[in-house]
Amino acid sequence: MKKFALAGNPNSGKTTLFNSLTGSTAHVGNWPGVTVDKKEGTYKKLPEPITLVDLPGIYSLSPYTPEEVVSRNFLLDEFPDCIINIVDATNLERNLYLTTQLMEIDVPIIVALNMMDEVEKNGDKIDVKKLEEKMGVPVVAISALREKGLDELMARGYETCLKGRKASTVLASTELMHLIGDCRIALEGQGVDNALFHAVKLVELDSIESEMHPASVKMVEEFKKVYNDEIFGSDFEAIIADARYKYITKHYSIACEKHRRASGESKSDKIDKVLTHKVWGIPIFLVIMFFIFHFTFSEDLFFLGAFGVFDNVEMTVIEQTISGNAIEEYLSGVTVNSFFGYETGVYSIGVILFNAVDILTGLISTSVEVAMTNAPVWLTGLLIDGVLGGLFSVLSFLPQIIVLFMFFSILEDSGYMARVAFILDRLFKKFGLSGRAFMPMIMGFGCSVPAMVNTRTLADQNERTATIRVIPFFSCGAKLPILTAISGGIVQLFGVGNADIITYGMYVIGIATAIISVILMRKTTMKGEVPPFIMELPAYRLPQLKSLLLHLWDKAKHFIEKAFTIILASTVIIWFISHFSWFWEFLPDERVNESILAGIGGLVQPLFTPLGFGSQLSSSGWVFVVAVVTGLIAKENVIATFGTLGACIAGAMIDVETDGGVSAVIEMITATGITVPGLIAFIAFNMTTIPCMAAVATAKAELPTKKSFIMTLIFWVVASYLLATMIYLIGTWWWTVFIFLAVWAVIILLITLENKGVTKMKKFFSKIYALIPDGNKSTKSSAKCSSCASCSYSSTCATARTKKKDGE
Amino acid sequence: MIFKKGSKKAIRSNLEKKLSEFEIGERGIVKMVNGEGRIRRRLFDMGITPGTEIYLRKKTPLGDPMEVMLRGYELTLRKNEAETVEMEMIR
């Protein structure tokens, strides 16, 4: 089977073309760098099926971000049968720069001139025939979105691939050509594939290339001494980049006819002027964010309820006669009111959908309960509380996550997100991050899982790891019930403060912890220059409904898969150990104190003493520990656990659904004697500790090595433990604040000294770090790896070692 | 000699300046890209090569990253990256 690679600039429409050709549903966005890993699909309309590989976007073959390395390695080492170079026709000059480099590889190339419809709409013209003549490779005009010209593209691509092709270069007329030629002959003599490409990169003294062929570097250095260009001197890198662009401008102006616009401002410019306004840019962004969260999470849309709009509306509740049937009884509780919410205000879209799923899942649970009236108690318990309860508690968050995603997708597709990164960059620079990191962080308020996936657009690996680590500190939707329930309990029982202020304060503490953590990481383990911020700002585009729906479906599928695997398994396990004693005796809910879970909880409990919910609590104190543990599976579990265990302690049923768990919290507080600082510490701990299973699994997939994943887990535990301890101790004995200030001062002093090279703690810590098992992900692919310079595993990589030996 | 030096300086401040010193709405031609390593390479790859015309479209509310137009597209870069780009202004 023939293999075609799709290569091109970021945001030039590769993924759209890939989806159109293969009928796939890969995610597309108007944000440079949406495709972060290569994807494969099949095209079937040719005499033989073609494997299409969608590569991450690149501006050049000197890769700059980690995902660009993926593209370069594939093109050079996997020998595709043809490269389809997709080129954004609205931005021809810069796009063709990559084409001039791709041409230097010994692989057939076809240029797909995408977005030709937009060029024509602007009144511009591109002479495809002339362009083809000048570039020396076939050029086909297409529109990936409207699926125009695709068959011709593939047919001609197939034709070219059968013919084969020898590398050519646009640098042929430059004075450097004979040096390139010499290098090429030398490399060919060594049996190197794609000799022309490597020769050019060698003359540029590309870091990857110099490492691979140290013998030839000398030749270039020698030549450099005698060569002197008028403008550039002996700066070959500049000469070559300049020569490429000169060639393009020369021939591009022949092929391209630009229509002179009457007015200087396009529609895009006008929108842009408002959205990135010098004064209003940030306020506009904050308002947009507020409305997105408002539409997703609010139970009082537009604050109509708070303004008293519904005070005089007669409530029409559909009363149903209860006929003893449990399902009907359940349904009778479902009213228009509980669905759309008229009493306190109109619900937002997110909440309405949330309720819809909740009612549906409740109906299923009730039906199962009815169907299983004769089954043994443990089986109904397992099925309803264990399996269904666990699954539904997670699935019920799906609608809100999808709605949140929809809004973010629209903003992303339109090109606005790239502008926000632009606006906020200055602020993020202070924390040692680039403006691009803002997007995953803000998404963290909704759900950590998609937020972590989004970090792939960050250019710097250290920046990425640091961002993934602090994402859980941006308190997600599932953590909100913990905040509201406990702050509600505090206000009712102790009469302290105001529930809203406590909740809001916890959010602020989370953000502050994130910022401090990032600064500390960037000063110690995650060191490195502030990542540069050189980013293309894509033109504003109307979001495409098709791509939006595909994206949402993709996300929903992913989420449901997770719910049915990892979350399902863990809830069943938790159910078992909370309902069986050490002697395998089944325990009803009321005897949870004798369960395995209680036993383990009691054992671990002393560890939490500095946090205020450890040994100082009375005999039932282990429930807080258990809530923390169940929260590791899904944060929704924390309040659910309070509900179950609170009921056991109080000896009465507590319905968590109706009052959001406040009464359960009150039971827990009175039974255990926990203090206010202890409760706040408990919230803080839950908020910043290891997030839910789904987020942990995502972090594992997104982090580069197993080692960094283990370090991340340790970081979460340590950070949350320290934060909660500080809150508890300072809250209980205010003067301890001075001790903490002193400790922090010492830490900051030590870091400064270390960074100035006075102390040598790094050696000590790296020894400890070496003890962590290293499950290196790259070992599998290292045999085919050609990018040792940008690769951090060069000490473990066999290829790098042999290459070095060869050179010496 | 002294007079000559002074006049040279005067000419420089008039026409030649760094991209980071540009005001909104000014345009110029790239003379040279200084700096080194990855960032310089990236600037070349994005089309900032000698002879390119660049137009400063806007600066952010906080002043730092700036947005420029070149080769028919919009690019954003920071002040310290723009500092490496020597320009000659077009009036």
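In what order do the seven strands of the open sheet that takes in β9(A) run? The order is β9(A)-β5(B)-β4(B)-β3(B)-β2(B)-β6(B)-β1(B), and the pairing is antiparallel. Keep in mind that this is a predicted model. Below is a quick tour of that sheet, a six-stranded one in chain A, the contact between the chains, and one residue, A:D272.

**The sheet with strands from both chains**

- β9 of chain A (535-537) sits at one edge and β1 of chain B (16-18) at the other; each has a single partner strand, so one side of each is left with no neighbour in the sheet.
- Going from strand to neighbouring strand, the turn averages 40° if you ignore direction.
- β2 of chain B (residues 27-33) runs antiparallel to β6 of chain B (residues 85-90), and six bridges join the two.
- If you want a register mark for that pair, B:V33 has B:V85 in β6(B) as its bridge partner.
- β2(B) also pairs with β3 of chain B (residues 53-59), again in the antiparallel sense, over three bridges.
- Here the register mark is B:G28, which stands opposite B:I54 in β3(B).
- Helix α2 of chain B (residues 37-45) lies across β2, β5 (73-77) and β6 of chain B, and makes an angle of about 135° with β2(B).

**The six-stranded sheet of chain A**

- This one is an open sheet too, with mixed pairing and the order β2-β3-β1-β4-β5-β7.
- Its edge strands are β2 (39-43) and β7 (139-141) of chain A; each has just a single partner strand, so one side of each has no neighbour in the sheet.
- The twist from one strand to the next averages 25°.
- β2(A) and β3 of chain A (residues 50-54) run antiparallel, joined by five bridges.
- Within that pair, A:K39 has A:D54 in β3(A) as its bridge partner.
- Helix α1 of chain A (residues 14-22) packs on the sheet, where it touches β1 (2-8), β2, β3 and β4 (82-88) of chain A; its direction is at about 40° to that of β2(A).

**Where chain A meets chain B**

- Chain A puts 44 residues into the contact and chain B puts in 34 residues.
- About 3700 Å² is buried between chain A and chain B, with carbon and sulfur atoms giving 54% of it.
- There are nine salt bridges between chain A and chain B.
- One of the salt bridges joins the side chains of A:E93 and B:R71, at 2.8 Å from N to O.
- Polar contacts link 17 residue pairs between the chains, counting those with both residues at pLDDT 80 or more.
- On chain A's side, the elements that give two or more residues are α3 (92-102), α11 (236-255), α12, α19 (416-430) and β9.
- α19(A) gives the most to that side, with seven residues.

**A closer look at A:D272**

- Where is A:D272 placed? It belongs to helix α12 of chain A (residues 267-275).
- Is A:D272 buried or exposed? Its relative accessible area is 1%, and the cut-off for buried is under 20%, so A:D272 counts as buried.
- Its side chain makes a polar contact with the side chain of A:R419, at 3.2 Å.
- Leaving out residues up to four places away in sequence, A:D272 touches A:H277, A:R419 and A:Y540 in chain A, plus B:R57, B:K58 and B:E67 in chain B.

Note on methods. Residues numbered from 1 in each chain as written. Chains lettered and ligands numbered in written order. Predicted model: local features only at pLDDT ≥ 70, side-chain atom pairs only at ≥ 80, totals over all residues. Heavy atoms only, no water. Pairing = 2+ DSSP bridges. Helix = DSSP H or I, 4+ residues; strand = E, 2+ residues; numbered from the N terminus. Axes fitted to C-alpha atoms, helices over the stretch in contact; angles between N-to-C directions. Contact = heavy atoms within 4.5 Å. Buried < 20%, exposed > 50% of the residue type's maximum accessible area, 1.4 Å probe, protein only. Polar contact = N/O pair within 3.5 Å; in protein donor to acceptor, adjacent residues only side chain to side chain. Buried area = accessible area lost by both parts, 1.4 Å probe. Salt bridge = Lys/Arg side-chain N within 4 Å of Asp/Glu carboxyl O.
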